[in-house]
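Trainee: Could you take me through one part of this model in detail? I'd like to look closely at the sheet and what packs on it.

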Amino acid sequence: MGRALELAERALGWCSPNPAVGAVLVRDDEIVGEGWTHAPGDAHAEVAALRIAGPRAAGATLYVTLEPCSHHGRTPPCTDALIAAGVGEVHAAMRDPSPWVDGGGVRALEAAGISVTVGEREADATRLNEGYFIWVRTHSPFVTLKYAMTADGKIATRTGSSFWVTGIEARRYVARLRSQVDAVMVGVGTIEADDPQLTARPGEFGEVVVGPVHQPLRVVMDSEARISPTAKVVAGGLPGDTLVCTTERAPVERVHELERRGVEVALLPSSAGRVDVCATLSELGNRGVTSVLAECGGELGWSLVSAGAVDKVLAFVAPKLVGGAKALTPIEGEGRPRMDSAWDLENPRWVSMGRDILLEGYLPRAS
């Protein structure tokens, strides 16, 4: 199952809105086939493994990170392929909670006389597809709020200097993460201050990368479409696509200029003079975006958190002090009035990354 989980991770980003699944076929203590989910409409992990195994799949044991599908979607049911191949036993890390599967795969396999075991490495499998499961339940993407701050809680100095807060280990982690999410979200203020590319760049992974790298959709929250045509995410030449989310306050000529440069513009409702974050996430969910990495400043961070739209927080803390009453912080806005009303992160986990520390925790999704 460990190998199946490794394979499933390769599918992250590429397979949405399908779940990332890995599958390994074992016969006589030898791996005879393995695979992972490809782009929608292409082979699922089980079928990819069966293609490699060929006739050796007969009597083999399948290790798969998610219950095989039993419904007709863009592709036929994986259960049909497993039954036809004569697979003898299936170990699934977890059941698929989506309403179109929800135990149907297990029932179909067992009805065909195939032994099914569910639950091995379930926690790891759940974590791998946490974005997919939120999207299935809410039709909205799983939102991860990521920021890097100093030990005194600053994401930039009073002059706006922010390169680099953290060390190379943390930056490599984020570079890899960008390649695994469907979209990266920032506010126009971040574009103006840093002019980022918001791309997944293999040279920053800290490892040799073979093959293409998935590029996330770049989402810019810009209520007045004031983003400069010379900004890197607009000017062209970058892999992947840019979506500017704006409101009726955006001048028509600015919208047309962005569109002429190949940027997609979405006109969305406003809230408190800004692009409504909930309307934005609903729009992204309708597009099949299951996961969003918010790499934003304090104002957009506050909008997301206060709207109950953040599912996960990744806070990188560097052993540095910069001070400054006007230095920027990760979440600004109005803030909570009392400490006993602060949002508590659930299941907090601390991870060392070189000289830095990563705090990972979850926020319960608002209804």
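Mentor: Sure, and let's start with a term: two strands count as paired if DSSP finds at least two bridges between them. Keep in mind that this is a predicted model. With that in hand, take strand 7 (residues 183–187) and strand 8 (residues 217–221), which pair in the parallel sense over 5 bridges. One of the spots to click on is M185, whose bridge partner in strand 8 is V219.

Now zoom out to the sheet. It's an open one of 9 strands, in the order 10-9-8-7-13-6-14-16-15, and the pairing is mixed. Strand 10 (264–267) and strand 15 (346–353) are the edge strands, each pairing on one side only. Ignoring direction, neighbouring strands here are turned by 20° against each other on average.

Then there's helix 11 (residues 277–286), which packs on this sheet. Its contacts take in strand 6 (142–150), strand 7, strand 8, strand 9 (242–246) and strand 13 (291–294). Set against the direction of strand 8, helix 11 runs at about 160°.

For a helix-on-helix view, go to helix 2 (residues 45–53) and helix 3 (residues 78–85), whose axes come within 9 Å and cross at roughly 25°. Angles under 35 degrees count as roughly parallel, so helix 2 is roughly parallel to helix 3. The crossing of helix 2 past helix 3 is left-handed. On the helix 2 side you'll find E46, V47 and L50, meeting C78, A81, L82 and A85 of helix 3. Sort the residues of that contact by type and you get 6 nonpolar, 1 charged and no polar.

Terms used
Residues numbered from 1 in each chain as written. Predicted model: local features only at pLDDT ≥ 70, side-chain atom pairs only at ≥ 80, totals over all residues. Heavy atoms only, no water. Axes fitted to C-alpha atoms, helices over the stretch in contact; angles between N-to-C directions. Helix = DSSP H or I, 4+ residues; strand = E, 2+ residues; numbered from the N terminus. Parallel < 35°, antiparallel > 145°, perpendicular 65-115°, else oblique. Left-handed = near helix turned anticlockwise from the far one by under 90°. Contact = heavy atoms within 4.5 Å. Nonpolar A, V, L, I, M, F, W, Y, C, P; charged D, E, K, R; others polar.
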